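Me: Hi! I'd like to talk through a structure with you. Could you take a look with me?

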Amino acid sequence: MPDKQRSIDRVKDIVYQCNRCAHCFDLSWLGEWNKCPAYRYGAFESYTGRGRFFIARALVDGAMDYDAEIAARVFACTECRACAEHCFKYLRTTDIYAAMKEDLAARGLVPEKLAAGLADEGGLGQYHNVYQAPHAERLAWLPDRARVDKPAQVVFFVGCTSSYARQNMALDTYNLLTKFGVDFTVLSDEWCCGHPYLSAGETEKARASIEHNIEAIKKVGATQIVFNCPGCQRAFRDDWRQLTGQAAPLAAMHVVELLADWVTRGKIGVQRFRPKTIVTYHDPCVLGRWMGIYDAPRDLIKAIPGLSLVEMPRNRRDAYCCGAGGMIRYDFEGMANLAGAERIAEAQSVGAEMVLSACPACVMQLQQSRQRAKSRMKVMDITELLEQQLVPLIKG
Ligand code: SF4
Ligand code: SF4
């Protein structure tokens, strides 16, 4: 008999609604490309949205119970949301996966390396970052500590990847906000945003992490948070509401939204990029499909003279995941590498000399994929580019 405490029963209203059309993973019969990195990797239907609906139905009916095989299917998913975006019946596919992950976590069936990375001892729970680096070194990239914990309108939420792995992005965002006179602070006791816990089905730990950060932000009196990481932004903007039923008491904005608004209103100047360069833009799944932010980064790129933007065949809502999502690199490295290689090949196919994105995790993944492919294309985050190209307007 089904266990009454299971999260899968919370979403049982949708598990019977799948009509088996396959739009969630394969539209090749319409001439479109594969959409699902999990299917590309696993090749079996059980890796796809449709396959997981079958599994979910069997779980709800009590015909199957959770085991390591189901865990391997459910966690081999970049959470790119392409399946939900293209579902013929607009089914909330990712709600099903999230429920299954919660149930798997409750049964100790999170894949080994991810479980270790997020553990309370020796993992995220101890260090408050996904790199197992000392918490005290979170602000090691800062040029000086004058802004730390000071009362301000805006908090720059740095995130784990910018804090520890791509510190140049932390510094570029910090410099951009400073250059344009934003009244902002950074927090000495910032924790991981909680997003990785959600990918592992650890919902309560995600809630506690976001709550810790909201309390820290309240202490400095800020009403707005600025991010360069879409995953962190989503934690405050959407996940908190999902977890608590209440909107976060702060406006959560990606730095590209802030800057695009200023550039299009002529509030800040733009320098020519030299030499002339063909660029393409990789939509981070969380910024694009999860949060609907497609135009702001493109508006910024188009505003820079000397850059010529060409789109990849799969762009905006059709963008193919680079393989950085869902924490898959921990246990499904081959899948992450496969997705990254495919995205780099796609960027090369349109003649791009540079790939831009707006997410530290995507940029790190694309840079590693570019190196493996021995491609000469440059990969940059848009904040790195903007720090060079945007200038304050001289008044008078
Ligand atoms: S979220 Fe992405 S990787 Fe996961 S099943 Fe859907 S399309 Fe595939
Ligand atoms: S697109 Fe939607 S309805 Fe069609 S098979 Fe996938 S989950 Fe089912």
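Me: Let's start with a cysteine: is Cys-80 buried or exposed?
Reply: Cys-80 is buried, because its relative accessible area is 7%, under the 20% cut-off. Keep in mind that this is a predicted model.

Me: And Cys-36, buried or exposed?
Reply: Cys-36 is buried too, with a relative accessible area of 10%. Both Cys-36 and Cys-80 belong to the residues around ligand 1.

Me: Nice. Which other residues are around ligand 1?
Reply: Among them are Cys-77 and Cys-83, along with Arg-52, Glu-79, Arg-81 and Tyr-97. By class, that shell has eight nonpolar, one polar and three charged residues.

Me: Which helices supply at least two residues each to that shell?
Reply: Helices α2 (37–42) and α5 (82–86) do.

Me: What surrounds ligand 2?
Reply: Its neighbours include Cys-18, Cys-21, Cys-24 and Cys-87, plus His-23, Arg-50, Phe-53 and Phe-88. The class count for the shell around ligand 2 is seven nonpolar, two polar and two charged.

Me: With those cysteines around, how many disulfides does the structure hold?
Reply: Zero disulfides.

Me: Let's zoom out. How many helices and strands does the chain have?
Reply: There are 19 helices and 10 strands. The C-alpha trace spans about 75 × 50 × 35 Å along its principal axes.

Me: How does the radius of gyration fit a compact globule?
Reply: It agrees: a compact globule of 396 residues would have a value near 21 Å, and the chain has 21 Å.

Me: What share of the residues is buried?
Reply: Buried residues make up 56% of the chain. As for the outside, the accessible surface comes to about 16600 Å², and carbon and sulfur atoms account for 51% of that.

Me: What about contacts over long stretches of sequence?
Reply: Taking contacts between residues at least 6 apart in sequence, 78% join residues at least 24 apart.

Me: Can you give me an example of a residue with partners like that?
Reply: Leu-366 is a good one to look at, in helix α18 (residues 360–372). Beyond its neighbours within four places, Leu-366 is in contact with His-282, Cys-322, Arg-343, Ile-344, Val-355 and Val-379. The C-alpha atoms of Leu-366 and Gly-323 are separated by 8.7 Å, with their positions 43 residues apart along the chain.

Me: Why does Leu-366 count as buried?
Reply: Because its relative accessible area is 1%.

Me: Which charged residue could we check next?
Reply: Try Asp-239 in helix α13 (residues 230–244). Asp-239 counts as buried because its relative accessibility is 7%. Leaving out residues up to four places away, Asp-239 touches His-195, Leu-198, Ile-210 and Arg-234.

Me: Now α16. Which of its residues are buried?
Reply: In helix α16 (residues 295–303) they are Ala-296, Pro-297, Arg-298, Leu-300 and Ile-301. Their cover includes helices α14 (255–264) and α19 (382–389), as well as strands β6 (277–281), β7 (307–309) and β8 (354–357).

Me: Last topic, backbone oddities. Where is there a cis peptide bond?
Reply: A cis peptide bond joins Arg-274 and Pro-275, with omega about -10°. Pro-275 sits in the loop between β5 (268–270) and β6.

Me: Which residues other than glycine have a positive phi?
Reply: Asp-149 has a phi of about 60°, and Arg-316 has one near 50°. Asp-149 lies in the loop between α8 (124–127) and β1 (154–157), whereas Arg-316 is found in the loop between β7 and α17 (333–349).

Me: How accessible is Asp-149?
Reply: Asp-149 is partly exposed at 35% relative accessibility. Arg-316 is partly exposed as well, at 29%.

Note on methods: Residues numbered from 1 in each chain as written. Chains lettered and ligands numbered in written order. Predicted model: local features only at pLDDT ≥ 70, side-chain atom pairs only at ≥ 80, totals over all residues. Heavy atoms only, no water. Buried < 20%, exposed > 50% of the residue type's maximum accessible area, 1.4 Å probe, protein only. Helix = DSSP H or I, 4+ residues; strand = E, 2+ residues; numbered from the N terminus. Contact = heavy atoms within 4.5 Å. Near = heavy atom within 4 Å. Nonpolar A, V, L, I, M, F, W, Y, C, P; charged D, E, K, R; others polar. Rg over C-alpha atoms; globule rule 2.2 N^0.38 Å. Areas by Shrake-Rupley, 256 points an atom, 1.4 Å probe, with all protein chains shown as cover. Disulfide = S-S within 2.5 Å.
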